[in-house]
Structures are given as C-alpha cells and as structure tokens.
Amino acid sequence: MEANHQTAGGTETVSVSFLLNGEHIQLNVSPVMRAVDLIRGELDQTGTKISCGIGRCGACSILVNGKLAVSCLLLAYQLEGASVITIEGLSDQDEVHPIQKAFLEEGGFQCGYCTPGMVMAAKCLLDSNPEPDRQAIQEALSGNLCRCTGYGGIIRSVQCASSK
Amino acid sequence: MAKKIRPDGKEKVTGRLKYLTDLAFSNMLYGKILRSPYPHARILSISTDKARQLPGVQAVITHKDVPGLNGFGIVTPDQPVLCKDIVRYVGDAVAAVAADSVETATRALELIHVQYAPLPVLDSPEKALEEGAPLLHPNGNVLHRAGFQKGDIESEFAKCAAIVEETYHVPRQLHAYMETEGGVIVPEKDGSLTVYVGTQHGFKDRFQLARILGMPEEHIRVVSSPMGGSFGGKDELNIQPYGALLALSTGKPVKIHQTRQESIRSSIKRHPMKITMKTGIDQDGRLRAHQTTIVADTGAYATLGPAILDFAVEHTSGPYMIPAVDTKGISVFTNNGVSGEFRGFGGNQVTFALEGQIDRLAAAIGMDSVEMRRLNIRREHDLGPLGQQIAETNGALDVLQSAAAVYAEKKPSSQNQDRWKRTGTGMAITMHGGGLGFGRMDPAGGRLSLKEDGKIEISFGFEEAGQGILAVIETITTEQLGCAKEDISIMIGDTSLVPSSGSTTASRGTSMVWHSLQRLKKPFLQKLLTRAARKTGTKEGQLSIGPGGIWENGECRLSFRELASEQAPIVISTQFDFPVSPDPIDSAHFLYTYSGVVAQVEVDLLTGRINVTELHQSLSAGPVVNEMGYLGQIEGGGVMALGYTLMEDVIMADGHYVTENLDSYLIPGIKDVPFNLQVKAVESLPAEDDYGPRGVGEIGTIAVAPAIANAIYDAVGLRVSQLPVKPETVLKSTEERGVLHGSQSSNSGGN
Ligand code: FES
Ligand code: FES
C-alpha cells in the first residue's frame, strides 16, 4: 500500500496498482472499497458477478496471482502489486478458452450468472491438475454455487475440458 | 455431430453478457429501500429531513410521493409500494433514497427516522385464524379457500382395508436465483421511462408500474431480459416501483441492485404448508377415498397465493383415479414475509404428501408399491383430477413403467458394505399442469418478420432467465421454417419491440413458441414464396425455403437479403390463448406433464446425514425440443428439489428472518448432489395429439422429495413427514428403534 490521499469530499483514499488481465491499472480507491466493486464498478468489468457478498457462493471468483479468490472478501487495495485475471482475461474477441468451449458444448450453464466464477474455479483446478478425478472436481468447485444446472452440466464440462 | 450451442452461450461463458444489474449510465444514481424492522407495526411518523440534508442525497421518497395507486400485486394490488399506516412484514418498504453512491444511500437510510408502535405478530396460520386475532387486511386473515369434492367419501372409507392418516409439513423455500433483484430505471428526454429490470412478464410489470406512477402504459418501456435466474421469484414486482419513482423525481437514471440480505428479506418464497391426508385403500389395493386439508402460510400479501392454493388442490390426488376425493384448502395471511410463485406452484407440496401416503398404504396392506401405483394410475382416456377433459396421453403409465424399471434394477443394490451406513431406494410419480388453467386470462402470441436487412426476426414477449427459451425459439423456428440459425434473429424481453406473449411462467414458454410457429409458419412462408416467385419469375410451386434463402432444384436461388431488399418487411403476427379444457371448471389444467423419480440414498447411522447417491427422472412431456436444455431443466430442477428435501428452510422466528444469507440458508453445492444424474425422456404422444412439446421448467422439481423420503424409509425405517429431513430427526428415529444396534431390521420400523 502506498501513500494516502484525500479526495475533494475529504474521504481518505489509498493508491493501488496492479495488473488486470495483463493491463496495468493504477488508481486511488477508498480503503474500504471491495475488490469486486472496483472491478465491476470503477473498471466496468462486469463479467465478475456479485451474489452473496460474504464469500459463500463464488460468483465473484477471480484469480489473484494464479490463486482462486472471492473478490467480495478482498479489499481493493489488497490487489496491490498482484496479477489479477478475471473472466474477461480468459478469451479474446474470437477465440474462447478451451474450458469455456467445454461449458458451451456440455451445457455447463443456464442463466450464466455463476458461470464466470465457475469457469475461473475450473481453470484454477485444471491448471494444477489437468486430469482431475471426481473427488478433485468436487473439491475444487465446492465454493461455487449454481442454482440452475444441478451441477450435472458443470461436471460434464470440466470432465470434457480435462480430457483435452 | 456438432453440439447445439445456446444462442446466448458465448456471451455467458465469456462474461460479456450484460445482465440488467450490470448496466451503468452516465449521471446514474444509486437507490436504496428502507424496509420495516418490525413484522407488524403501526407507523406513527416518518421523518426524512436529516436524510435529505446529507450531501449526495438527491431524493427521499415516502408514501406521499406515489402519484398513482400505492399498491401492487399481480392479481390484487394489496401490497403498499410505500407503507403509510401499517407494516405487515419485515420487508415492507417505508421509504427509498437515491444518492450519488451506494454508501451515501445506505447512510441516508440510517438518517430516516420512523416511529413505530409494534402490533401483535401473527407468525403462524393457526395464530392468524384464532378468534380475536388482529386482522391483517380488511377482509380478514383468510386470503383464499379452495376445495374439491367427488364421490361419497364416508361410504368409500367404509370399504377400505387400510386407512393412513398423516400430517405433512413443508418448509419455506428461497428461490436463491444467483442474481439478486435489480437493474436501472432511466427517465428519457421525452418524458417516458425505460425500466431495465428482470421479470417474467414485462407487459404485466408495465401495467402495474403505469398504475403506480399514474402514467400511460405506452410511456413505459420494460426491458426484462436476461436474468440470472428467477424460478418464479421475479414474476411479481420487486424493486421496479422504487427505482421508477426515484428516477422520475430526480430526472436521472437510478440503479438498485439488492444485496443478498436485502433480497432474502424482501423477496417472495415458496408457501410453507401443513397438509393432512387421510387415504384409504381396499384389500385389492385400490385407492377408494382421499381426504386432504391444506393450510398454506401465504404471508403478508396476496400476490399469487390464491392460484397456488387452487393448483395444490387440483394436484392433491395426482395421477391416481380415486372414486371419492375431498380436498379443502385455506391460504392464510400472516406476518411471515410473503409467499408466492415458485417453480412447481403448489404441486411440490401436495405431491410430497400424496406419494408419502402411497408408500405408507402399500406397506399397510403388504403390497408392492409399484404394483399399487400401477393398479390405480390414470389411463389415457381418464378425466383430469378435477373431472375435466384433458389432453389425452399415456404419460402417467409411461413414466411409471420407466421408473419402475430403474427401481427394479436399483432396489437390490440397497445393501451397504459399511456397517455404519444404510442404503435405501425410493420412488415417486406425479403429473403437473401447464399454463394458467381454465378461466384465467392466458393469452399468447408471437410475430415473424422478414426485415429489410434480410434477417427473419422471430419475436415473443418472453424472458430468458436461464431456462433456455432462446434455444427453444431458435430450434423450433429453424425446424419449422427450414432455414438456418444464421438466418434468424430472436427478439424477446422488451415491451417496445415485442408482441405480448403472456407470462414466462407455468411451463408455458416452450408450448407457446411451438403453437405460435404452427400458426405463423404457413402464412409467412406463403408470403415469402409469393414474393420470391415474382422476383425470380419462377413458379411458386417449384420454390422452397432452405438455409440462406429460397431454393429451387437443390440450389439456393435467392438469399433472404435479396428477397428483402427494397421492399417493405413481411410481417405476420398471431394471438391466441393457451389451450384449456373444454369443460368449464375453474383453474383446471389441460396440458399435463408427468414424471417418475427414483432416488437412492445412503444414510450415515452415526451422524444422521443423508447422501443422495442416485437420482433418476423419467419424464413424459412430448417431444424434446432441445436436448441440452431439457436435460438441464430436469437435472437442475431435481437438485433444487433435493435441497428442498434435505437442506433448505427459510427459518423465521416471530416474523423475523433467522436465515439471512447463503451461510445460514444452505443450497446444494457440488458435493451434495449425485455425480451422475439420470434423465430419461419418454417422448411418445398419441398420434392425434397436436399440442406439441410441453414445457419442462417445473416438472423436474415435483416428485423428487417424496422419492428421497421413500428411500430414507427404505434405508432406515423412518417415515418422513416433515421437510427438510434433518440429521437429528434421523438419529432420533434410528436410536428410538435401535437400528444402530441391529435390534430391529431397518425396514420394519415406521409408523
Ligand atoms: S459474492 Fe463473493 S462469494 Fe458470493
Ligand atoms: S447457471 Fe444459473 S446459477 Fe449457475
């Protein structure tokens, strides 16, 4: 964390700089601002979702230095110096990531609201364990809730992505 | 074979799809709603001065600021938008604020001073029905009574060899859509209003908002799609009125996105019910008499409470033919939140009770429960449960046969290797009505156009909440017209651009899309071909529609773009009603779907924990439109019902929520569900059936609870009568009967 600043309104802010999907970000934020609000609000990267706000559903999952994190429990300033990957960083305009392709083909989503978080959790799993068994899949996705699919399609998607 | 990918898929998996709660506009303000801290109180005074003075606050509104009707409700507008004298539940709104930031709006709420005089809290239907109980509404505390009688119940009971009577309790379930309620309401320069908020019936929201705002409907545009889940929960208005009032009073876009706590506090839930069933069977295994009373806790306001009770009454005897039926239901106002529409619509509750009765009765006369079901099941030509003619199918027997085969295969594997665990297998079946029912306005419609740019636009007033209506529209439209998916564009969920199609509820979407296309296709194709014939100078009879355009002799002669160019668009619309029974029986359904469920559980005798290891669903709902969508609806519905059976209960104490977020209200996670969910579609329909595919949005949630309950009995001899089934209940029951010590075999206990 760097120097403290005062905004016009008299509220204290802190400066934070980090890499978001490879792009350098530097800005002043309120010390109590959550990472999820910075990402969704200030930075308008709305692929990251918000649902419970207390770390229980995984809708806001992002990768911070390669590790899965719930951005509703992180403060924005805690991203200082980190490399952050959100769902937007997984694919470019034309090409979807193989995990995303698997979700598309195996019906790993319905409303899609849990999907960005789910895909990030799946990526985190497959990065470290390219051929996860049933238990590993359950373990890795246990922090991500989905109300629509019953997880059947999600499991098939991860299995499909892992065999590739 | 290339997999069929949903039209909204790519945007969803890449995170690029903008949900309505993701939208931002310049100059946008943030709204917050002040809700009552009391479940029942009189409002003595409201002071907003301090809140108004807080820098950054741009508007504070109360009941004084509602220009039109200060009330909402899909059928009866008995819920105040902003309460004036009385609050009736802890979600009742008293004031709302728009400010520069969420933080300022939140702080402003704390500065609004409301004086309340608490009133006695009616926290159960029993209390609300007591003599002398305070009246929550002018007509008293009974929202609705419904019933159905046929045959001579007493004389049929007299013929019975066994009678089982049981009272079943089912909990208050949270929809738990992952996207909480929200969106942005934008005042436009011309004085109109655009409401970007998810709902299941944009036109109905527009109607309700117009009434509240005192504004013509045409001045309101509702953009209602996409949504991050709804399951019935967003059909009623939620934050729209507050956003709209604040936007009008500030002249700026106002965003409201409820936090999960705010959502749980204010949203509707599934009706808790107490269901008492007394059912008799003769010595041959024939059901003779079935008597039911249903008491539903409908909470503080009406919303769809009456229709849900009617639905429950209709489904009380399920797919069985019983000579004497006597059903009485009552839906009672209380101060326990608000109960309303939820996937299954009252069918889930009564099916749990009914299928519990069936297993108990089979045991009571020592008959195989599958055999007993077969003996009593409805046949193709039988009348519906209210004595109405229904679309004839053999669905009930089809799903029973299918489930029975699975059951026969799974049942013998009920031996558990682990001495501290027991395995059990159970089954249940059901039938479920689609559409709103006889006597309820249930209009549908759609529009096909060839646009100037050569796209064939298909539009409906439906919303995409995740259920896959876009994929259904794409599949049915391309199949019926013979064109490719690249040739069409789909328009839904925007009252300024689409025709009214009725609500996106009651498993009616798929049906209505198919029925619309049946009506639209012929005149539309005719117009296309006539124009093509003129343009190409070929006889109409030699032309046909194909991928990309108009075909002749196996070749594409004219692209849709060429066909469209320099001419007025071709537009064909249709309006019709959801098919109903020819018999004028109020609320009776005509199109039914059927399911048969087999569940296998493993019960840990030491912890009481129940693990569902297998869940098989067989469905009869006509042809499958989109395989992946169908599978997803049934799997997802099944798991939602698994949660209902074993985990979920929005607990309230004295009218206050005890479960406030997803840490105390648990929904199934990936570890709670069987790794392999099985879905089998029995697609056959009678040759003369011309009602096409039925929707499957609800049917996958209905018969799961009783199948699991029956499996629990099979495993440890506990007769389940209350949901969710808690480990403590299992332990208490197994301890009492000495199951752990093997003093009694697990299946002989029970009643
Ligand atoms: S919103 Fe962050 S875990 Fe639920
Ligand atoms: S797809 Fe809707 S919550 Fe997972």
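Domain bounds here come from an automatic or database domain assignment. Keep in mind as you click around that this is a predicted model.

**Stop 1: colour chain B by domain.** Select 9-119 together with 181-257 and you have domain 1 of chain B. Domain 2 is also in two pieces, 343-432 and 585-748, while 443-577 makes up domain 3.

**Stop 2: domains 1 and 2 of chain B.** Drop a centroid on each, using C-alpha atoms, and the centres come out 39 Å apart. Now show the contact between them: domain 1 of chain B puts in 6 residues and domain 2 of chain B puts in 5. On the domain 1 side, you'll find 4 nonpolar residues, 2 polar ones and no charged ones.

**Stop 3: helix α7 of chain B.** Select residues 240-250 of chain B. Of the 11 residues in this helix, 9 are buried, so the rest of the structure largely encloses it. To light up the buried ones, pick B:Q240, B:P241, B:Y242, B:G243, B:A244, B:L245, B:L246, B:A247 and B:L248. Then step on to B:G251, which follows α7(B) and has a positive phi, near 75°.

**Stop 4: across to chain A.** Bring both chains into view and show the contact between them: 41 residues of chain A meet 46 residues of chain B. On chain A's side, select α2 (98-106), α3 (115-128), α4 (134-140) and α5 (152-162), each of which supplies at least two residues. Which helix gives the largest share of that side? That's α2(A), with 4 residues. Recolour the chain A side by class to finish, and you get 19 nonpolar, 16 polar and 6 charged residues.

Key: Residues are numbered from 1 along each chain as its sequence is written. Chains are lettered from A and ligands numbered from 1 in the order in which they are written. This is a predicted model: local features need pLDDT of at least 70, side-chain atom pairs count only at pLDDT 80 or more; totals for chains, interfaces and linings use all residues. Two residues are in contact if their C-beta atoms, placed from the backbone, lie within 7 Å. Ala, Val, Leu, Ile, Met, Phe, Trp, Tyr, Cys and Pro count as nonpolar, Asp, Glu, Lys and Arg as charged, and the others, Gly among them, as polar. A residue is buried if 20 or more other C-beta atoms lie within 10 Å of its own, exposed if 12 or fewer, and partly exposed in between; C-beta atoms are placed from the backbone.
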